[in-house]
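Let's take a friendly look at how the parts of this structure meet. Keep the picture open beside you as you read.

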Number of protein chains: 2
Amino acid sequence: MNQKIKSKETQNLIINSAFELFYKHGYNKTSIPEIIKGTGLSKGAFYHHFNSKKNIGEKVIDLTVRKRVYERMVAPLKNPDDAPVIPLLCDVFIKRIEGYSDLEKDLGCPANNLINEVGYSENSFREMLRDIIDHWQEIMVNLLEQGKIKGEIRKNVDTSATAIFLISAFEGVRGIRKVYNNDKILDEYLIAVKSYIEQLA
Amino acid sequence: MNQKIKSKETQNLIINSAFELFYKHGYNKTSIPEIIKGTGLSKGAFYHHFNSKKNIGEKVIDLTVRKRVYERMVAPLKNPDDAPVIPLLCDVFIKRIEGYSDLEKDLGCPANNLINEVGYSENSFREMLRDIIDHWQEIMVNLLEQGKIKGEIRKNVDTSATAIFLISAFEGVRGIRKVYNNDKILDEYLIAVKSYIEQLA
DNA sequence: TTAAAAACATACCGATAAGAATGTTTTTTG
DNA sequence: CAAAAAACATTCTTATCGGTATGTTTTTAA
């Protein structure tokens, strides 16, 4: 097997293990011995591929967290089929939440978890996490502006503000859900966000 | 000096130090040596008054975090003067955010930080944090229902859903703000939340 | 006034962390 | 095929953690 490929595979193995643990226990509570334990690798292997805990934190954010947010929340808003805007927004902000597994509901959003845990204290993390949000907002603004042109969104809607409001409510409720054992909070959010989105028309 | 009072004062000293550090660095990154460092006390003193790190975490949530949320966000919604509901909501969800110090903007909401960091993993924390949110929601529902009776809120508004939506957006934006160095995100939130609240009428 | 109890301080313990150093095996390349 | 380089494993170091045990001093109560 090609060495480059083997190396990448090992890195991905470690990155995936790290992501799972960061997601379940948080960044600070996860140790490097714990990360490698699940992989069958050794500490030497870890430090051969990554030079610090911060370093793998960056890799996890760049390769896994960013990708996750992009695929689930950002890409669908790019609207290549030129679908109606309001139903598309409902699809992303309602259907996606309904589709989460119980574990995903319990654990919240990986990006938001990191934002809240290390968003302020870790400089390099902060910038990467901010880029994720910025990109998300930017794509949503494009969609909303497109909706204005098509006459599907009121002209007096502030698209930047609306985008941040929707992102905030979404991330906020995924956080708050973490202290509940049932879907009550998500169900209520769904009702409110639906009515909010529809009022944009 | 009375011993009971002295004891309470020492406990408060430690609790305040712990709160500040939990707020700045998070619960998991804060150590007990660090907590006592600022107080001039010793480790023996700490373990005389508290029996574990988890124990002081509970005390901080119960005495400081809960109080903070209550005084700032919940109590004003109780509306003893029977003020108009919409302006009251704007006052709480807009004016309060405008009044935050730069540090408070950078560090986010102490309650939301804990919810996201240990909301799922620490059982006893989870219940206490959930109570804070439940109480907040309950008071806001009362206010909104009161607004319906007075004809200031549309009859078809789902008050529970609206309350959670407002709380989610508020906590969400305070989290997201942590990865920014400026007020852009908060300013946009303020525009959107104002328009949202006004649409409840 | 004296004993006991509360309020602390000091010293210590086992566990574990991040990471460096060094050894071994596998793969690649000349 | 040999040497070098990459991919690992093992061992070790230093630091710090949460928590305990054992002091000492101060306060309270008999």
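## Salt bridges and polar contacts

Two salt bridges link chain A and chain B in this predicted model. One salt bridge joins the side chains of Lys184(A) and Asp134(B), with 3.8 Å from N to O. You can also look for 12 residue pairs in polar contact between chain A and chain B, counting pairs in which both residues have pLDDT 80 or more.

On chain A, the side that touches chain B draws two or more residues from each of the helices H6 (102-107), H7 (110-118), H8 (123-149), H9 (159-176) and H10 (184-198). H9(A) gives the largest share, 13 residues. Sorted by class, this side of chain A has 20 nonpolar, 13 polar and 12 charged residues.

## The area between the chains

Chain A brings 45 residues to the contact, and chain B brings 45 residues. Together the two chains bury about 4,200 Å², of which 61% is on carbon and sulfur atoms.

## Around DNA strand D

Now turn to the DNA. Around strand D there are 23 residues, and among the closest are Thr10(A), His48(A) and Lys43(B). Sugar and phosphate make up 67% of the strand D atoms that come within 4 Å of the protein.

Which part of strand D does the side chain of Lys43(B) approach? An N or O atom of that side chain is 2.7 Å from a base oxygen. Gln3(B), by contrast, has a polar backbone atom 2.8 Å from a phosphate oxygen of strand D.

H3(A) supplies the largest share of the surface near strand D, five residues. By class, that surface has six nonpolar, 13 polar and four charged residues.

Key: Residues numbered from 1 in each chain as written. Chains lettered and ligands numbered in written order. Predicted model: local features only at pLDDT ≥ 70, side-chain atom pairs only at ≥ 80, totals over all residues. Heavy atoms only, no water. Near = heavy atom within 4 Å. Polar contact = N/O pair within 3.5 Å; in protein donor to acceptor, adjacent residues only side chain to side chain. Helix = DSSP H or I, 4+ residues; strand = E, 2+ residues; numbered from the N terminus. Nonpolar A, V, L, I, M, F, W, Y, C, P; charged D, E, K, R; others polar. Contact = heavy atoms within 4.5 Å. Buried area = accessible area lost by both parts, 1.4 Å probe. Salt bridge = Lys/Arg side-chain N within 4 Å of Asp/Glu carboxyl O.
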